[in-house]
Amino acid sequence: MSEKEVILTPEGLAKLEQELEDLKTVKRKEVAARIKEAISYGDISENSEYEEAKNEQAFIEGRILTLEKMLRNARIITNEDVDTGVVSVGSTVKLKDLEFGDIVMYTIVGSNESPVGQALLGKAKGSIVDVQVPAGVIQYEILDINL
């Protein structure tokens, strides 16, 4: 089974690389110290600090694996690759929330996996987009698409 390509802007790539570096160099050490401290309290069978630290360690290691996989399968796009006629990775999109009238800006930097990114990709200026979020559906109108 081939791994899914991850489309990123240079900024999105830098953000993922920074997060990976932080997890490997800072967060791993912090959680290891927390585990060591929790073990020093004695019996770990009913030690909530130990359980919490072990759960965080599992999350960190899982996130490291996910980021490494994403970076392995990354395809970097530049401004020349971005079509401003439709929303694509690299686009900055100006949206209007049709329920509340709020104007928001989103830059799609590789978040084609997010609900908003997925809903916006391939849509043109003037389109009405339904975004499925945990709280329900948000309707946006695409006001503008830029690099």
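# Exercises on a predicted model

A hairpin of two residues leads from β5 to β6, where strands (E, at least two residues) and helices (H or I, at least four residues) are DSSP runs numbered from the N terminus. The model is predicted, so local features need pLDDT of at least 70 and side-chain atom pairs count only at pLDDT 80 or more, while totals for chains, interfaces and linings use all residues. Residues are numbered from 1 along each chain as its sequence is written, and side-chain values use heavy atoms, with hydrogens and water left out.

## Exercise 1: the sheet

Work out in which order the four strands form the open sheet, and which strands stand at the edges.

Solution. Begin with β5 and β6, which run antiparallel and are joined by six bridges; two strands pair if DSSP finds at least two bridges between them. Along this pairing, D130 stands opposite Q139 in β6, and Q132 stands opposite V137 in β6. Next, place the remaining strands: the order is β4-β3-β6-β5, and the pairing is antiparallel. Because β4 (103-107) and β5 each have a single partner strand, they stand at the edges, and one side of each is left without a neighbour in the sheet.

## Exercise 2: the two faces of β5

Sort the residues of β5 into a covered face and an uncovered one.

Solution. Start from the general pattern: in a regular strand the side chains alternate between the two faces of the sheet. In β5, the covered face holds V129, V131 and V133, whereas I128, D130 and Q132 belong to the uncovered face.

## Exercise 3: the nonpolar cores

Find the residues with the most contacts inside the largest nonpolar core, and the elements that each supply at least two of its residues.

Solution. A nonpolar core is a set of buried Ala, Val, Leu, Ile, Met, Phe, Trp, Tyr and Cys residues joined through side-chain atoms within 4.5 Å; buried means under 20% relative accessible area, exposed over 50%, and partly exposed in between (1.4 Å probe, protein chains only). The largest core has 16 residues, and those with the most contacts inside it are V87, L120, V131 and I142. At least two residues of this core come from each of β3 (92-97), α3 (115-120), β5 (128-133) and β6 (136-146). A second, separate core of 14 residues includes L16, L23, V31 and I35. Finally, look at V87: leaving aside residues up to four places away in sequence, V87 touches V93, I108, L120, L121, G122, K123, I142 and I145, contact meaning heavy atoms within 4.5 Å.

## Exercise 4: salt bridges between α1 and α2

Identify the partners of R63, E68 and R28, and state where each pair lies.

Solution. A salt bridge is a side-chain nitrogen of Lys or Arg within 4 Å of a carboxyl oxygen of Asp or Glu, and a search of the whole structure finds six of them. First, R63 meets E19 at 2.8 Å, N to O; R63 is in helix α2 (residues 48-72) and E19 in helix α1 (residues 10-40), 44 residues apart. Second, E68 meets K24 at 2.9 Å, N to O, and this pair, too, links distant parts of the chain, with E68 in helix α2 and K24 in helix α1, 44 residues apart. Third, R28 forms a salt bridge with E61, the closest N and O atoms being 2.8 Å apart; R28 lies in helix α1 and E61 in helix α2, so the pair ties together parts that are 33 residues apart in sequence. R28 counts as partly exposed at 33% relative accessibility, and E61 counts as partly exposed at 29%. In addition, R34, E52 and E56 are joined into one network by salt bridges that share partners.
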